[in-house]
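Q: Could you walk me through one part of this model closely, and show me how its surroundings fit together? I am new to reading structures, so please take it step by step.

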Amino acid sequence: MGAVPGLRRAVVSEYHRVVRPPWEIPTALVTNGALMVAAWFLLPPRAHAFLFSLNGPLAFPVILASWMMADTPATNVMGSSPALALSVLEDQAAYWRWLAARCIVIGSLIGVACAAGVMYVGLGHYPWSEIVWACALVALLPVGVLPMAAWLGIVFPTTRAPCVGAGSTAEPGVATYGG
Amino acid sequence: MLAFAPFFYVPLIGLAILSPGVQLARSIKLPGQRLTPAQFVISAAVVCATAVVAAAIGLWVARRLLAWRTTHLAAYLTNTDKG
């Protein structure tokens, strides 16, 4: 894969990667979102209070945004696409564009889903000013979190081991660490 | 162990970004009452500003980390690419 183009094309390219198999990013986002929703509604009150420091209907989409990011697509930037990562290693500007494009794409997916949650929870119950600011908050939260989350993947990149039978003795699908 | 790190590490970053706004909201609201719309907007604006600052710091540190780990990453990714 060639070097990362301008930011705009990098974002488009990342969107293309997201909507194609193996759907790593959408799967992780939906799974984490489903787990958080289940925990929010099914946990007993004491466990709920322990797990979620914020309470109230508008807190739900804000915490959902934070939890949806909590998986390897957010942290494992380098290991998720070794060929592309190699192409940007020697070019700091290309790396910055690639990381920013990834943050924009993941952030936009989470932001849209959680903003819809804010609208659902807030319409008819909260003033418009609160709804608009809550939407801005859930849209901006991933933008702040994702660059920091990527630190882990730079220091300790992870990759999926190749399948057994393809010249490797590793177990299929086992993560390996480059630390 | 590292495979589970994101489940703790990422929500903690989210909490850290939310904290200034939440603390502000808790300090300005009256006990036992909900935030007024103005108080909510101020707190949300603080969280948004914190998120933007966090993004700038995050990208800057990520670039420094990349510069520090370039040799290691190149060797690791080359091996990965070859399978």
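## A glycine and the helices around it

A: Let's start with one residue: Gly144(A) sits in helix α9 of chain A. Please keep in mind as we go that this is a predicted model. Its overall scores are an ipTM of 0.82 and a pTM of 0.75. For chain B, the average pLDDT is 83, and 92% of the residues score at least 70. Such scores are worth a glance, because coordinates should not be read in detail where pLDDT is low.

Is Gly144(A) buried or exposed? It counts as buried, because 28 C-beta neighbours lie inside 10 Å, and the cut-off for a buried residue is 20 or more. Who touches it? Leaving out residues up to four places away in sequence, Gly144(A) is in contact with Ile17(B), Thr50(B), Ala51(B), Val52(B), Ala54(B) and Ala55(B). Within its own chain, Cys103(A) is 41 residues away along the sequence, yet the C-alpha atoms of Gly144(A) and Cys103(A) are separated by 9.0 Å.

Those touches from chain B lead us to the place where the two chains meet. The contact involves 53 residues of chain A and 43 residues of chain B. On the chain A side, the elements giving two or more residues are α4 (59-68), α5 (72-75), α7 (82-88), α8 (92-122), α9 (128-155), β1 (158-160) and β2 (175-177). The helix that holds our glycine, α9(A), gives the most to that side, with 19 residues. Sorted by class, the side of chain A that touches chain B has 39 nonpolar, 12 polar and two charged residues.

Next, let's see how α9(A) packs against other helices of chain A. Two packed helices are described by the angle between their axes and the distance between those axes. Take α8(A) and α9(A): their axes come within 8 Å and cross at roughly 150°. The two helices are therefore roughly antiparallel to each other, and their crossing is right-handed. From α8(A), the residues in this contact include Leu99(A), Cys103(A), Ile106(A) and Ile110(A), and from α9(A) they include Ile131(A), Ala134(A), Val138(A) and Leu146(A). The contact of α8(A) with α9(A) has 18 nonpolar, three polar and one charged residues.

Now compare α4(A), another partner of α9(A). These two pack at an angle of about 20°, with their axes 10 Å apart. So α4(A) and α9(A) are roughly parallel to each other, and this crossing is right-handed. Here Pro61(A), Val62(A), Ala65(A) and Ser66(A) of α4(A) meet Ala134(A), Leu137(A), Val138(A), Leu141(A), Pro142(A) and Val145(A) of α9(A). Nine residues of this contact are nonpolar, one is polar and none is charged. An α-helix has 3.6 residues a turn, so residues three or four places apart point the same way.

How many residues of α4(A) are buried? Nine of its 10 residues are, so α4(A) is largely enclosed by the rest of the structure. Among the buried ones are Phe60(A), Pro61(A), Ile63(A) and Trp67(A). The cover over them includes α2, α8 and α9 of chain A, together with α1 (5-28) of chain B.

That brings in α2(A). The axes of α2(A) and α4(A) come within 8 Å and cross at roughly 135°, so the two helices are oblique to each other. The crossing of α2(A) and α4(A) is right-handed. Leu29(A), Asn32(A), Gly33(A), Met36(A) and Trp40(A) from α2(A) meet Phe60(A), Ile63(A), Leu64(A), Trp67(A) and Met68(A) from α4(A). By class, that makes eight nonpolar, two polar and no charged residues.

For a contrast with our buried glycine, look at Ala39(A), which lies in α2 (residues 24-42) of chain A. It is partly exposed, because 15 other C-beta atoms lie within 10 Å.

Finally, step back to the whole of chain A. It has nine helices and two strands, and along the sequence the helices come before the strands, in the pattern α-α-α-α-α-α-α-α-α-β-β. Of its 179 residues, 43% count as buried, and Gly144(A) is one of the buried residues.

Terms used
Residues are numbered from 1 along each chain as its sequence is written. Chains are lettered from A and ligands numbered from 1 in the order in which they are written. This is a predicted model: local features need pLDDT of at least 70, side-chain atom pairs count only at pLDDT 80 or more; totals for chains, interfaces and linings use all residues. pLDDT is the predictor's confidence in each residue, from 0 to 100. Helices (H or I, at least four residues) and strands (E, at least two) are DSSP runs, numbered from the N terminus. A residue is buried if 20 or more other C-beta atoms lie within 10 Å of its own, exposed if 12 or fewer, and partly exposed in between; C-beta atoms are placed from the backbone. Two residues are in contact if their C-beta atoms, placed from the backbone, lie within 7 Å. Ala, Val, Leu, Ile, Met, Phe, Trp, Tyr, Cys and Pro count as nonpolar, Asp, Glu, Lys and Arg as charged, and the others, Gly among them, as polar. Axes are lines fitted to C-alpha atoms, for helices over the stretch in contact, and angles run from 0 to 180 degrees between N-to-C directions. Angles under 35 degrees count as roughly parallel, over 145 as roughly antiparallel, 65 to 115 as roughly perpendicular and the rest as oblique. A crossing is left-handed if the near helix is turned anticlockwise from the far one by less than a right angle, and right-handed if clockwise.
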